Amino acid sequence: MNEFLTLMKSEWLVTAIIFLLLFIKIGKGLKNETLLPVIQVLLLLNFILGFLFTKEGHLFGNMFFTNPLIAFQKSILNFGVFLISLLFTDWLKKSQQLPEFFMLILSALLGMFLMISSGNLLIFFLSLELATIPVAALANFDLGKKRSSEGAMKMILSSAFSSGILLFGISLLYGATGTISFAELPQQLDGSPLQVLAFVFLFTAFAFKLSIVPFHLWTADVYEGSPVAVTSFLSVISKGSVAFIFITALYKVFQPMQEVWYAILVILAIATMVIGNLFAIRQQNIKRFLAFSSIAQVGFILVGISSNDRAGLVAVVYFILIYIFSNLAAFGVAGVIATASGKENISDYKGLYKTNPFLSWILTLALFSLAGIPPTAGFFGKLFLITAGASKGTYWFIAIAALNMVISLYYYLRIVRAMFMDKNEHPIPTIKTNNIAKLGLIICGTGILLTGLLSWIYDYIQSLVT
Amino acid sequence: MPNATTIALIPLLPLAGFLLLGLFGQKLFKKSAGLIGTALLLAATILALYTAYEYFFVYGKVDGVYQKFVLLQLTWLEFYKGVSIDMGIIIDPISVMMLVVVTFISLMVHIYSLGYMKGEKRFSTYYSFLGLFTFSMLGLVLASNIFQMYIFWEGVGVSSFLLIGFYYDKPSAVAACKKAFIVTRFADLGFLIGILVLSYSAGTLDIGTLIQRLTSPESNVVKTATAYSFLGASALTWGAALVFIGGAGKSAMFPLHIWLPDAMEGPTPVSALIHAATMVVAGVYLVARLFPVFSITTPGVLEIVGWVGALSAILAAVIACTQTDIKRVLAYSTMSQIGFMMFALGVSKYGGEAGSGYTASMFHLFTHAMFKALLFLGAGAVIHYVHSNDIKDMGGLRKYLPITHITFLIACLAIAGIPPFAGFFSKEEILHAAYQNNMAVYWIALITSGLTAFYMFRLYFSIFWNKETPTFAKATAGKEGGFAMMLPLVLLGVGAAAAGFIPFGEFVSIDGKPLVSKINLVFSIAPVALGLTGIMAALWLYKKQNNRSARLAASLGGFYKAAYHKFYIDEIYLFITKKIIFNLIARPAAWFDRNVVDGLVNLTGTSIQAASEGIKKVQSGKVQQYAIYFLTGVIVLAALFIYIWK
């Protein structure tokens, strides 16, 4: 009973918060001004408690599995949600359904936690759905806007399609091997055509969630239509959680088929980086731009994953931590600007430095980090990903990845140029940034600068990976 | 033992001045900048004198030999085990001597500038640059690691650039500072490669260790390095020669001297600093610092050093006889005197009596610092008074500038080598060393010292005698400079008159053992007689206004014209750079860069844009199409891996 509580404590905590919000909603209800700080404190508590009592163990006959690394991954996600609650304070305060927003987001988070901890394809499927459906509802949160509904619709349709193929793959796999347990699957895999087909089906489900080309098409429309807070949740938290379980699946479960998935990863990583970059170059809307740039970033994550060793795992976890800081900072600034002025186009950002130096600097830091320019953490993150990928010895693959980093510099710096150098007759007027949001931005900025420079963070992650 | 803190403070005080005045000078210390800089340098000078006293008279001498101390070995950058850039302090006779020279001359310049630069708009900037210059030179002198020396070497280059170009609204000053920087930079490249060759051979960057490893001919290090050869010379010969090129650039040796006359565009006190104590003697100091390597391992290079020095000495002396710009004459005289120091090193050998050239060179560096600073500061006082650099505008100034007149005369006598002034003793020792080792160089030196006397007194008579009624506008002329300008003149005058009596060989010699300098009266007859002849010739030609000099120039014809145009060396440089390098190398390179390199970059950019345009249609916004792409992806992957891959 005791284990039942401690091993699943992250899940329990999130569930408790969801219920608390539910009671508040059913009961008298609270004003947004009072409720939001309460939620923020709860999320912070949740994040801190995530570090306590972490240990290794499994429950429900190996269906649920956890260890310190998984606990840390959950903490990263917790932290991301906490940051989102800070960064979008202004937007959240205006929201009509504040409790619902957090109930949905936390339900999705709960799904992700279960997904990362899953030890069985059934649990994996269920938790993946739990992590997806609330987000589709969230995408529709700007109720008055047509694009928002359209995005939600596209998301639910696409993910239903993807789920169908996933289920198909699971069925085939069960047919071919007679098991759906992660622990037993590796012994049964022999690389027969049926198993490869099942694996490809399964793989596409991950690819869909991670927005790997050519399964990425939903991304841009959904990102653009959703409110910025939801977009940032989708692009950072959602991506991170799937990347974590993706590694577990590839490294642990499908290890016998590593030649197949290495080849697939190489092909798709190249396609993802190139297509993501090519699309990002042309985008005018900042959210769409960040959507495509995040697709390109996923390509780099794939490079790290392809190494199939401990270094790759460490590099990916490390990169996602950095990615949370960088991308949330970028979305945070975009959100502040969108909420205050309603402007979302890159051309609106011209001359931003003159009127909003703080926001400009944070966005610049974030873009530098995303582009991988030293000394920001993004540089170290990409460096480790690429060195991990290089350990396989496929150097032309690494060269293409490096080339894509150079191309991405162009479009990241384009925004920096717009903010600092381009002249504008009517720049966005000075925005009075909420102090809580400012705090969130400062946390992100500090994270961008320090995560790379403080070596103990990397060492800590390394110590978790056994 | 030497006290590291005291010695480290000597360069750090000017640095503090540079930072303080550079950062806050224009706002906080607009008026007091000069006093602050001077006070800091006074402290540094006192510390330097104290250090010199302690070293020479208290702890430096052990068993009759002056020891070398290395203090404060802070590792700054380690390449691999054994090879690191350390920041250390080296204390030996020449570095201590240089400490005194640099701080003292710099102090004189600081004090002098209080008067000379008064009312200058960028007064505090000027003093901060002076601090940087002094700091760099002191750091160079104290460097215990050859790379550390290189860093300060470049620091000297930068600060001279800043000071020569101080009047940056004057195009000629801008051109001059660029020229100085580019020419010395070009030579520094040689120095850097030389450092790399030598340190690679020796496996260390530490000067002491490097000398120790490279000077034992039987050791494996030297044998291996000698085995590598390029164009008929061994690696070590190349290394030493390249290091000397660096030294020649900074010391304005032929043919890298072209920057020196133009460097006159800086404020006159800066010229005094550059010529007497800092920049130009850096090259001499470098050769002296690595002298064991030059003399034991690569005597061939040392011979080159000797010939380059001798050639520069006589060439510069001839040119100096024809120039009419007071500062240019002095500039060429510097080049000539540095040539003396160089060839004194060149004719020297390692150790004992044969090493007298080394001592003589250092001695001359010391005395030259005194009288050259005095000459420049005196020239500054004259220019300050007349508002012109041209000796044609001067004449008969002895009545108006009595103190300047006397001190200038002392300096001229010193540089001409007339006993008992300072220059006599050091020049005598140089000539003696040359006489013992290389007769050809000795004759060149002898002729040069005669020419020196001639052109210096040509200058002296033209300024202070010649016309009885000065032609300059009396209305603009004020009084002779104030106390701040006269004090350094008097102090340096005393130095220039008396510095020769220091028994220099007692303190400075290549192996640390005292060297008794013998002045042989019979030997001195020839140079002194030649010097007096030069003075007499100048007296006859220039004391009164007459046309004798014009007739003489006319009779010399082409030779005079060539010397007046500095033997067209600048024109040769221009021809080589503008006509040959620019046309044959730079233009094709520019074309290649514009059309091929940029073209490729632009092509990449355009093709990426085009590709990005091309795939636009995929992202249509229609969910049905998305599903089709999704399914296609699944099928292609499955087909690929089930049928083809297997």
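Hi everyone, this is a short walk through a predicted model with chains A and B.

Let's start with the overall make-up. Chain A has 466 residues, and 56% of them count as buried. Its secondary structure comes to 21 helices and two strands. Chain B has 646 residues, with 53% counted as buried, and it contains 26 helices and six strands.

How do the contacts run along the sequence? In chain A, taking contacts with a separation of 6 or more, 80% are between residues 24 or more positions apart. For chain B, residues at least 24 apart make up 79% of the contacts between residues at least 6 apart in sequence.

Now please find helix H11 of chain B, residues 268–276. How many of its residues are buried? Nine of nine, so to speak a mostly covered helix. The list runs from B:Thr268 and B:Pro269 through B:Val270, B:Ser271, B:Ala272, B:Leu273, B:Ile274 and B:His275 to B:Ala276. And what covers them? The cover includes helices H3, H4, H5, H12, H15 and H16 of chain B.

Staying in chain B, look at helix H20, residues 483–498. With 16 residues at 1.5 Å a residue, H20 should span 22 Å, and its end C-alpha atoms are indeed 22 Å apart, so the two values agree. The buried residues of H20 include B:Met485, B:Met486, B:Pro488 and B:Leu489. Further along, B:Leu492, B:Gly493, B:Gly495, B:Ala496 and B:Ala497 are buried too. The partners of these buried residues are H3, H16, H17 and H18 of chain B. You may recall H3 and H16 from a moment ago, as they are also among the helices covering H11.

Next, some backbone details in the loops. Chain A has a cis peptide bond between A:Val213 and A:Pro214, with omega about 5 degrees. A:Pro214 sits in the loop between helices H10 and H11 of chain A. Another cis bond runs from A:Pro374 to A:Pro375, again with omega near 5 degrees, and A:Pro375 lies in the loop between H17 and H18 of chain A.

Finally, which residue in the loop between H14 and H15 of chain A should we look at? That is A:Asn308, which is not a glycine yet has a positive phi of about 55 degrees. A:Asn308 has 20 other C-beta atoms within 10 Å, so it is buried. Chain B offers B:Ala252, also not a glycine, with a positive phi of about 55 degrees. B:Ala252 is in the loop between H9 and H10 of chain B, and it counts as buried because it has 30 C-beta neighbours inside 10 Å.

Thanks for listening!

Note on methods. Residues are numbered from 1 along each chain as its sequence is written. Chains are lettered from A and ligands numbered from 1 in the order in which they are written. This is a predicted model: local features need pLDDT of at least 70, side-chain atom pairs count only at pLDDT 80 or more; totals for chains, interfaces and linings use all residues. A residue is buried if 20 or more other C-beta atoms lie within 10 Å of its own, exposed if 12 or fewer, and partly exposed in between; C-beta atoms are placed from the backbone. Helices (H or I, at least four residues) and strands (E, at least two) are DSSP runs, numbered from the N terminus. Two residues are in contact if their C-beta atoms, placed from the backbone, lie within 7 Å. The expected span of a helix is 1.5 Å times one less than its number of residues.
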